[in-house]
Amino acid sequence: IRVEHYGYSSPEIVEEKQKRYLGIMQSWLETHPEDYIVRSHAAMTYYIQGKLDQAIEEYQRIIDDGNAHSDRNLVIETTSTLYLGRCLMRQQKYEDALPYLLDAQKMDDQYVISNLTLGECYTRMARHKDALEALNQALEFENQVTFSATDMTSAKYSIRFFKGQNLEALERFGEAADFYKQAADADPKRGDALGRLSGIYRLLGQRDDAIGAIDEALNRDPDNAQYRFNRGTFYLELGNETEAVRWFKRALEKNPDMPEPYLNLGYVMRRQGDLKTAEEMYVQAVDRSDDTAYEAHANFAHLLLDQARYGEADALLEEVQNRNPNLTDILLGLCVTRAHKGALDDVRMLLGPILSAVYGGTLQMAIPDQAGVNDLAALLSECGNMLSQQEQGVC
């Protein structure tokens with residue numbers, strides 16, 4: 001007799017079951033508050049539902065009352081400690097999560113999920129050597145049978161993916177590439193390891209391998225906006241602007257709030273002489289950039305400079321300088337806008353760091369107050385000559 005269970009056939013059905021079962025558990029705990037086993041199930045339900053504060057409260061209660069420990073129930077004690085840490089990680093409270101994760105690892109240093117989670121936490125904290133140590137421990141015991149249901153495909157993938165991330169951060173690119181490839185093999189449905197692998201190949205100048213990796217990532221996840229954008233950048237580097245534009249637009253179909261496709265579309269339209277569309281794209285990129293990004297502002301400012309719209313350009317250039325004060329092309333742009341409105345004191349102040357940058361830091365000087373228009377013009381002209389020799393034509 002074949003029995004087919006359809007009880008978990010859709011997310012809606014699962015959600016309804018969780019809601020019903022949680023209600024039963026809550027009612028039970030009102031009259032049996034000492035039942036830490038049922039409480040652990042309720043806590044896990046909260047965790048799965050993303051109700052992290054409630055999950056933390058229940059896990060903390062299990063730990064604090066000590067009944068699981070006194071009963072020597074290692075399963076409940078370890079998972080409660082571990083998942084309390086995982087809840088805090090999901091809230092991005094990595095420093096708070098770390099002591100619980102270390103305690104969980106001490107309780108069972110061969111449990112793959114404890115070691116993996118500890119490795120992930122260290123990764124988020126940029127403690128790369130500590131992360132690799134924990135992930136190596138997870139790798140050593142990844143095939144061990146554990147006391148709770150574990151998606152081993154996901155676990156094996158994550159161990160290798162996080163190892164790749166940490167090795168990449170340590171600039172051990174060859175080893176990082178190997179682990180990204182292992183991650184991609186561990187789960188043929190996921191593409192993010194291939195996306196990272198493509199980035200490493202690109203960094204190493206292996207363009208064909210980089211394109212092959214991003215194409216395979218797209219094959220696995222064709223709706224991923226980041227992969228679509230990255231594919232467009234390869235076409236742009238190869239000079240195929242038509243295909244680049246098509247892929248940037250495809251990226252925006254899936255994520256219209258990504259600033260990077262708008263920025264690149266603005267760049268292409270500007271090159272093609274469509275300044276109106278370029279401006280529209282730059283405006284969209286600026287509106288979607290976070291508080292630390294400045295590329296969209298800088299590109300838009302240069303477009304305005306080309307059109308002698310100095311007042312508008314000045315505001316954008318000043319915003320870029322506030323975010324990164326050491327960009328020579330931005331300082332030069334500000335020289336143009338400030339000179340246009342006759343603010344020669346500003347030009348004198350800007351020229352010092354410009355001369356230092358153009359001449360490779362060998363010339364450190366402050367421009368004297370008595371330097372007049374002709375003197376400032378001569379200095380800028382010499383900067384132009386030097387930049388031309390350095391093939392910095394745009395500057």
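Me: Angles under 35 degrees between helix axes count as roughly parallel, and those over 145 as roughly antiparallel. In this predicted model, are helix 5 and helix 7 roughly parallel or roughly antiparallel to each other?

Reply: Let's start with the two axes. Helix 5 covers residues 74–90 and helix 7 covers residues 112–124, and their axes come within 11 Å while crossing at roughly 25°. That angle falls under the 35-degree limit, so the relation of helix 5 to helix 7 is roughly parallel.

Me: Which residues of helix 7 make the contact with helix 5?

Reply: Helix 5 passes helix 7 in a left-handed crossing. From helix 5, the contact uses Thr78, Leu82, Tyr83, Arg86 and Met89. Sorted by class, the contact has five nonpolar, three polar and two charged residues. On the helix 7 side, the residues are Ile113, Ser114, Thr117, Glu120 and Cys121.

Me: And helix 6 with helix 7: are they roughly parallel or roughly antiparallel?

Reply: Helix 6 spans residues 94–107, and it packs on helix 7 with the axes 10 Å apart and an angle of about 155°. The limit to pass here is 145 degrees, so helix 6 and helix 7 are roughly antiparallel.

Me: How many nonpolar residues are in the contact of helix 6 with helix 7?

Reply: In this left-handed crossing, Tyr94, Leu98, Leu101, Leu102, Ala104 and Gln105 of helix 6 take part. They meet Ser114, Asn115, Thr117, Leu118, Cys121, Tyr122 and Arg124 of helix 7. Of these residues, four are polar, one is charged, and the nonpolar ones number eight.

Me: Cys121 appears in that contact. How far away is the nearest cysteine sulfur?

Reply: A disulfide needs two cysteine sulfurs within 2.5 Å, and the structure holds zero of them. Cys121 is accordingly in no disulfide. With 0% relative accessibility, Cys121 counts as buried. The nearest sulfur to that of Cys121 belongs to Cys87, at 13 Å.

Me: Which cysteine has its sulfur nearest to that of Cys383?

Reply: Cys383 is buried too, with a relative accessible area of 1%. Cys383 is in no disulfide, and the nearest cysteine sulfur is 8.2 Å away. That sulfur is the one of Cys335.

Me: Is Leu350 buried or exposed?

Reply: Leu350 sits in helix 20, residues 344–358. Beyond its neighbours within four places in sequence, Leu350 contacts Gln321, Leu331, Leu334, Cys335 and Arg338. Its relative accessibility is 4%, under the 20% limit, so Leu350 counts as buried.

Key. Residues numbered from 1 in each chain as written. Predicted model: local features only at pLDDT ≥ 70, side-chain atom pairs only at ≥ 80, totals over all residues. Heavy atoms only, no water. Axes fitted to C-alpha atoms, helices over the stretch in contact; angles between N-to-C directions. Helix = DSSP H or I, 4+ residues; strand = E, 2+ residues; numbered from the N terminus. Parallel < 35°, antiparallel > 145°, perpendicular 65-115°, else oblique. Left-handed = near helix turned anticlockwise from the far one by under 90°. Contact = heavy atoms within 4.5 Å. Nonpolar A, V, L, I, M, F, W, Y, C, P; charged D, E, K, R; others polar. Buried < 20%, exposed > 50% of the residue type's maximum accessible area, 1.4 Å probe, protein only.
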